[in-house]
Amino acid sequence: MAENDKAPLLGLHHAAVDAAVIKGTLTNSTTQQPHLRTAPPCPKCGVIATPQIAPGNGPHAFRANCAHCGSFVQWLSKYPPAEREARRQHYRQQALAQKPASPRQLACLQALGDAGPPPENMAEASERIGNLKRGRVA
Ligand SMILES: [Zn+2]
């Protein structure tokens with residue numbers, strides 16, 4: 001075990017593992033130390049090693065650098081997988097509520113037989129389309 005194995009701080013989480021967890025391809029037990037288990041090979045030198053954690057920038061909390069050559073390997077989130085997904089959904093809904101319903105959504109609603117007033121935004125249109133589709137299946 002290298003000393004670097006003990007380095008991670010603040011519950012860092014590995015983006016690729018987060019995605020796998022969301023897709024349901026990994027169990028929770030493998031996320032205890034995801035940055036150690038699933039470090040991808042360095043894109044530059046191909047070495048698979050525990051990455052060095054460095055501060056990120058912009059929306060990224062941290063970055064992982066190749067321990068061998070120092071090249072960037074990937075971004076790391078400071079949020080655990082469940083919270084990342086919750087935040088993603090939250091901001092997605094907010095963004096959709098800012099935009100008017102798209103022509104495709106309106107056409108879809110019409111095709112599904114929606115009789116109500118035009119939806120005020122993408123989030124509302126999306127919800128109504130979902131409800132109509134579920135209603136048809138059930
Ligand atoms: Zn490298």
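The exercises below work through the fold, the core and the confidence of one predicted model.

Residue numbers start at 1 in each chain and follow the written sequence. Because the model is predicted, local features need pLDDT of at least 70, side-chain atom pairs count only at pLDDT 80 or more, and totals for chains, interfaces and linings use all residues.

**Exercise 1. Overall layout**

Task: State how many helices and strands the chain has, and give their order.

Solution. Step 1: take helices (H or I, at least four residues) and strands (E, at least two) as DSSP runs, numbered from the N terminus. Step 2: count them, which gives 5 helices and 4 strands. Step 3: read along the sequence to obtain the pattern β-α-α-β-β-β-α-α-α. Step 4: add the contacts, where two residues are in contact if their C-beta atoms, placed from the backbone, lie within 7 Å. Of the contacts with a separation of 6 or more, 39% join residues 24 or more positions apart.

**Exercise 2. Strand pairing**

Task: Describe how strands β2, β3 and β4 are connected.

Solution. Step 1: apply the criterion that two strands pair if DSSP finds at least two bridges between them. Step 2: β2 (residues 52–55) runs antiparallel to β3, with 4 bridges. One of the bridged pairs is P55 with F62 of β3. Step 3: the two strands form a hairpin with 6 residues between them, and G58 in its turn has a positive phi of about 60°. Step 4: β3 is also joined to β4 (residues 72–77) by 4 bridges, again in the antiparallel sense. On β4, Q74 is the bridge partner of A64, and F72 is that of N65. Step 5: β3 and β4 form a hairpin with 6 residues between them, where G70 in the turn takes a positive phi of about 85°.

**Exercise 3. Burial and the core**

Task: Find which side chains of β3 are buried, and which residues make up the largest nonpolar core.

Solution. Step 1: set the classes: a residue is buried if 20 or more other C-beta atoms, placed from the backbone, lie within 10 Å of its own, exposed if 12 or fewer, and partly exposed in between. By this count, 16% of the 138 residues are buried. Step 2: along β3 (residues 62–65) the side chains alternate, with F62 and A64 buried on one face, while R63 and N65 point to the other and are not buried. Step 3: define a nonpolar core as a set of buried Ala, Val, Leu, Ile, Met, Phe, Trp, Tyr and Cys residues joined through C-beta atoms within 7 Å. The largest has 6 residues: C42, F62, A64, C66, V73 and L76. β3 and β4 are the elements that give two or more residues to this core. Step 4: look at single members. C66 touches C42, K44, C45, V47, P51, S71 and V73, leaving aside residues up to four places away in sequence. L76 lies in β4 and is buried because it has 23 C-beta neighbours inside 10 Å. Its C-alpha is 6.8 Å from that of A64, 12 residues apart along the chain. Step 5: contrast W75, also placed in β4, which has 16 such neighbours inside 10 Å and therefore counts as partly exposed.

**Exercise 4. The helices α3 and α4**

Task: Is helix α3 largely in the open or covered, and how many residues of α4 are buried?

Solution. Step 1: α3 (residues 81–98) has 18 residues and spans 26 Å from first C-alpha to last, close to the expected 26 Å, a value defined as 1.5 Å times one less than the number of residues. Step 2: α3 lies largely in the open, because 1 of its 18 residues is buried. Step 3: among the 9 residues of α4 (residues 103–111), the number buried is 0. Just after α4, G113 has a positive phi of about 85°.

**Exercise 5. Confidence**

Task: Locate the elements with the lowest and highest mean pLDDT.

Solution. Step 1: pLDDT is the predictor's confidence in each residue, from 0 to 100. Its mean over the chain is 78, and 70% of residues reach 70 or more. Step 2: the lowest element mean is that of α2 (residues 34–37), at 41, and the highest is that of α4, at 96. Step 3: pLDDT stays under 50 over residues 24–37, for which the model has 19 contacts beyond four places in sequence.
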